[in-house]
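Biologist: Hello! I have a model open on my screen and would like to know how its labels were earned. Could you walk me through it?

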Amino acid sequence: MRAALYPGSFDPITYGHLDIVRRARKVFDKLTIAVVENPRKGALFSAEERKRLVERALEEVGIEDVPVITYSGLLIECAKALGVVAIVRGLRATSDFDYEFQMALTNRDLDSDIETVFFMTAGTYCFLSSSMVKEVKRYGGDVSKFVPRCVERALEEKFRETA
Ligand code: PNS
């Protein structure tokens, strides 16, 4: 069985992420989503909130059999512990490339048995990012094209709490 891990901050999960999940599911027998506990940039949602939102978003769009976990520390250690053959990442525009290339090569240096595999996102989501969604929603914009309803509601609640 060929299992893969799709890691990220998912702060919050968007339709772009879900598009990558669908594509990766077609290629791998098993896919696990891993939500990092301490992202590089401060997160709006806690790790547990982000994990729960990923689970609810998967349910909302009808994607089954994709477990969601959280991890802290090195991604490669999490990948090894799960016994996956690959780390999945999504690529949007070329601007993603430098960061992704650096991360993939670092992870390969740490364990050359685990490959990083990139999936191109659908054209519609090329410029979609969690940061953009947060910014638009923070100022009252409509994000229904970018995120499932459960995420939209969670953003509304979060911004109400922090207002
Ligand atoms: O969604 P993101 O923020 O682009 O995801 C980046 C993430 C979380 C996959 C990456 O920063 C990560 O796994 N960090 C954990 C620490 C680590 O393993 N660093 C070395 C590889 S860059």
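Biologist: Which atom of the ligand lies 2.7 Å from a polar side-chain atom of Tyr71?

Modeller: That would be an oxygen atom of the ligand. Before we go on: this is a predicted model, where local features need pLDDT of at least 70 and side-chain atom pairs count only at pLDDT 80 or more, while totals for chains, interfaces and linings use all residues. Residues are numbered from 1 along each chain as its sequence is written, and side-chain values use heavy atoms, with hydrogens and water left out.

Biologist: What makes the pair at Tyr71 a polar contact?

Modeller: A polar contact is a pair of N or O atoms within 3.5 Å; within protein, one must be able to donate a hydrogen and the other to accept it, and residues adjacent in sequence count only if both atoms are side-chain atoms. Tyr71 has its polar side-chain atom 2.7 Å from the ligand oxygen, so the pair meets the distance limit.

Biologist: How far from an oxygen atom of the ligand are the polar side-chain atoms of Arg89 and Tyr99?

Modeller: For Arg89 the distance is 2.9 Å, and for Tyr99 it is 3.4 Å. The protein covers 81% of the 530 Å² of accessible area that the ligand has on its own; such areas come from the Shrake-Rupley method with a 1.4 Å probe, and for residues only the protein chains shown count as cover.

Biologist: Why is Phe10 called buried or exposed?

Modeller: Buried means under 20% relative accessible area, exposed over 50%, and partly exposed in between (1.4 Å probe, protein chains only). Phe10 has 3% relative accessibility, so it counts as buried. Its phi is near 50°, a positive value in a residue other than glycine.

Biologist: And why does Asp65 get its label, buried or exposed?

Modeller: Asp65 has a relative accessible area of 64%, so it is exposed. Asp65 also has a positive phi, of about 60°, although it is not a glycine.

Biologist: What about Arg52: what is its relative accessible area, and which label follows?

Modeller: Arg52 is at 44%, and therefore partly exposed. The C-alpha atoms of Arg52 and Ile69 are separated by 9.6 Å, with their positions 17 residues apart along the chain counted as the separation.

Biologist: One last thing: how do you know which kind of peptide bond runs from Asp11 to Pro12?

Modeller: Its omega is near 0°, and the bond is cis. Happy browsing!
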